Structures are given as C-alpha cells and as structure tokens.
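Okay, thanks everyone, let me get the model up on the screen. I'd like to talk through charged pairs first and then the nonpolar packing.

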Amino acid sequence: MITKKQHEKLKSILGYHYANDVLKILKTRGITNRKGTAYGKSMIRNVYNGLNENKKIEAAIFDLCAQKLKEKEEETNRRNKMLGIESNTDTLNQNN
C-alpha cells in the first residue's frame, strides 16, 4: 500500500494528471481487473491515494515515477549541455 509519505513524494513528481499514463502502462502489460476489463481511473486514484492496495497498479505508478524522473534528468542534462554547464552527474563521475 502506498504510504502517506510516498504519496506526497509521488504527487511532487507526477502531479495530478497521471492516471492516463498509468492506464497506458497497465494496458501494455495486459493487466486487467477480475472481470477482464481495464481498471478505471477511480481505482488508480484510490491506489495512488493509499485507499486501496493493488500491487500491479502500485508497480505501474512507481514505474511511471521512475520514467518521469529519468525524463527530467535527461532534459536537465540536455539543457546544461546546450548551455555549457557541467552537470552534477558529470562531476560525480569525475570524482570517482
């Protein structure tokens, strides 16, 4: 189950318009409810808010979170490279 702390951090990363992206992940994985139909946005919201527990939906939410963090890092690196600014990951790699 998604805890309150996890929810707050997820909200800061995913924002409010995440359900469609989670639905896409579930669809590509072929994950459906007991009736064999796609989960509804309300179920995804309930899991996201910690009201319901569903391991497969939770996994999709956290995978979306990882995807968004990666996209954000790539965009930051692209912008820094364009501006000639050394990125934090470059500095860390040089120090090791």
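So, a salt bridge here is a side-chain nitrogen of Lys or Arg within 4 Å of a carboxyl oxygen of Asp or Glu. Keep in mind that this is a predicted model. With that cut-off, how many salt bridges does a search of the whole structure find? It comes up with five. I'll go through some of them.

Let's start with lysine 55. Its salt-bridge partner is glutamate 53, and the closest N and O atoms sit 3.1 Å apart. Is lysine 55 buried or exposed? Its relative accessibility is 57%, so lysine 55 counts as exposed. Glutamate 53 has 46%, and because exposed means over 50%, that residue counts as partly exposed.

Next up, helix H4, which runs over residues 55-83. Which residue does arginine 78 pair with? That would be glutamate 75, in a salt bridge whose closest N and O atoms are 2.7 Å apart. The two are three residues apart in H4, so about one helical turn separates them. On the accessibility side, arginine 78 is partly exposed at 44%, and glutamate 75 is partly exposed too, at 28%.

Now, glutamate 75 has another salt bridge, this one with arginine 79, at 2.9 Å from N to O. Here the spacing is four residues, again about one turn of helix H4. Arginine 79 has a relative accessible area of 49%, so it lands in the partly exposed class. Put those pairs together and you get one network of Glu75, Arg78 and Arg79, joined by salt bridges that share partners.

Okay, over to the nonpolar side. As a general point, nonpolar side chains in soluble globular proteins tend to be buried together. In this model, the largest nonpolar core has 18 residues, and the ones touching the most other members are Leu14, Tyr18, Val22, Leu26 and Ile61. Where does that core come from? Helices H1 (4-14), H2 (19-29), H3 (41-48) and H4 each put in at least two residues. H4 gives the most, with five. That's the helix with the Glu75, Arg78 and Arg79 pairs we just looked at.

Last thing, a closer look at leucine 26. What does leucine 26 contact, if you leave aside neighbours within four places in sequence? The list is Ile31, Tyr39, Ile44, Lys56, Ile57 and Ala60. Okay, that's my tour; happy to rotate the model if anyone wants another view.

Technical notes:
Residues numbered from 1 in each chain as written. Predicted model: local features only at pLDDT ≥ 70, side-chain atom pairs only at ≥ 80, totals over all residues. Heavy atoms only, no water. Buried < 20%, exposed > 50% of the residue type's maximum accessible area, 1.4 Å probe, protein only. Core = buried A, V, L, I, M, F, W, Y, C linked by side-chain atoms within 4.5 Å. Contact = heavy atoms within 4.5 Å.
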